[in-house]
Amino acid sequence: MTEVPAEAGTEAPAESPIAEKPRLKEYDGEGITVTFEPRRCLHAAECVHGLPEVFDLSRRPWVLPDAAASERVAEVIRRCPSGALRYQPVAGGAEERPDVPTTVRRNSSGQLVLRGDLLVSGERGDRRETRAMLCGCGASRNQPYCDRSGSCAEPDDDVPEQR
C-alpha cells in the first residue's frame with residue numbers, strides 16, 4: 001500500500017486541516033490497483049458486503065486486490081456510491097466507464113447521488129469522476145462532497161434500482 005496525493009488540482013492554504021489536499025491510499029494487485037480516499041467514504045459497506053475476502057476492515061491492509069478476480073473487484077468498486085473507492089486495471093484491463101446517461105438524484109437524507117461522466121469543481125480544483133455523493137445541506141467540511149456532518153448524517157445506500 002502506498003499513499004499518494006489525489007488528482008491534480010489547486011492546493012489550498014495549509015492552515016486549515018480541511019484545506020489539505022485529499023490523500024489516496026493505493027493497494028496494488030497483479031491485475032488491478034485499488035485506490036481509496038478515506039475522507040470520501042460514507043460507509044455504505046458495498047465493498048465489505050460485496051467481497052469480504054478483498055475488503056476486510058479488521059485486517060491491515062484492509063484491501064487485498066488479489067483475493068478475488070480483478071473483474072469482480074472492479075464490479076464491487078463500481079457499487080461504491082461516494083466514489084471513495086476507485087480502480088485502475090493493470091496492463092490493458094477494462095477501465096471504469098461512466099454510466100450513460102448521467103444521473104443525479106437526491107436521496108432521502110438530502111445528499112446528491114451522481115453517476116456518469118462528471119467534472120466536479122471544488123476549492124481544490126476540478127476532478128473527473130464517475131461516481132460522487134455531493135453535500136445537499138451545505139454543512140460538509142469536505143465540499144462539495146458530503147461528509148455527513150450536517151443534516152445529511154442519516155445513512156442512505158445508493159440503491160441500484162433507483163439509479
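Me: Let's start with one residue. Which residues does Ser82 touch, not counting residues up to four places away in sequence?

Reply: Happy to begin there! A good way to read a residue is to ask where it sits, then what surrounds it. In this predicted model, Ser82 lies in the loop between H2 and E4. Residues up to four places away in sequence aside, Ser82 touches Arg40, Cys41, Leu42, Arg131, Ala132 and Met133.

Me: Is Ser82 buried or exposed, and what does its side chain do?

Reply: Ser82 is buried, with a relative accessible area of 4%. A polar atom of its side chain lies 3.1 Å from the backbone nitrogen of Ala84.

Me: Asp66 is in a loop as well. Which loop is that, and is Asp66 buried or partly exposed?

Reply: Asp66 belongs to the loop between H1 and H2. Its relative accessible area is 46%, so Asp66 counts as partly exposed.

Me: Which residues does Asp66 meet, leaving aside neighbours within four places in sequence?

Reply: Here you can set separation in sequence beside distance in space. Asp66 is in contact with Gly29, Glu30 and Gly31. A polar atom of the Asp66 side chain lies 2.8 Å from the backbone nitrogen of Glu30. As for Asp28, 38 residues separate it from Asp66 in sequence, while their C-alpha atoms are 8.6 Å apart.

Me: Now the helices. Which residues of H2 are buried?

Reply: The general idea first: an α-helix has 3.6 residues a turn, so residues three or four places apart point the same way. Now the case here: H2 covers residues 70-77, and its buried residues are Val73, Ala74, Val76 and Ile77. Viewed down the axis of H2, they fall within an arc of 165°, so they line one face of the helix.

Me: What do those buried residues pack against?

Reply: Their partners are strand E3 (32-36), helix H1 (46-50), strand E4 (85-89) and strand E7 (125-134).

Me: How do E5 and E6 pair, and how many residues lie between them?

Reply: For a strand pair, look at the direction, then the bridges, then the connection. E5 (residues 103-106) and E6 (residues 112-122) are antiparallel, with four bridges. Thr103 of the pair stands opposite Arg115 in E6. The two strands form a hairpin with five residues between them, and Gly110 in the turn has a positive phi of about 100°.

Me: How many disulfides does the structure hold?

Reply: Zero. Cys80 is in no disulfide, and the nearest cysteine sulfur, that of Cys41, is 6.5 Å away. Cys80 is buried too, with a relative accessible area of 11%.

Me: And why is Cys135 not bonded to Cys137?

Reply: The sulfur-sulfur distance settles it. Cys137 holds the closest cysteine sulfur to that of Cys135, and at 3.8 Å it is too far for a bond. Cys135 is buried, with a relative accessible area of 12%.

Me: Last topic: confidence. What is the mean pLDDT of the chain, and which element has the lowest mean?

Reply: The chain has a mean pLDDT of 84, and 80% of its residues reach 70 or more. Among the elements, strand E1 (residues 2-5) has the lowest mean, 56, and E3 the highest, 97.

Me: Where does pLDDT stay under 50?

Reply: One such stretch is residues 8-19, for which the model has 17 contacts beyond four places in sequence. Residues 156-163 are also below 50, and have 19 contacts in the model beyond near neighbours in sequence. A general caution applies: where pLDDT is low, the predicted coordinates should not be read in detail.

Technical notes. Residues numbered from 1 in each chain as written. Heavy atoms only, no water. Disulfide = S-S within 2.5 Å. Buried < 20%, exposed > 50% of the residue type's maximum accessible area, 1.4 Å probe, protein only. Pairing = 2+ DSSP bridges. Arc of directions from axis to C-beta. Contact = heavy atoms within 4.5 Å. Polar contact = N/O pair within 3.5 Å; in protein donor to acceptor, adjacent residues only side chain to side chain. pLDDT = per-residue confidence, 0-100.
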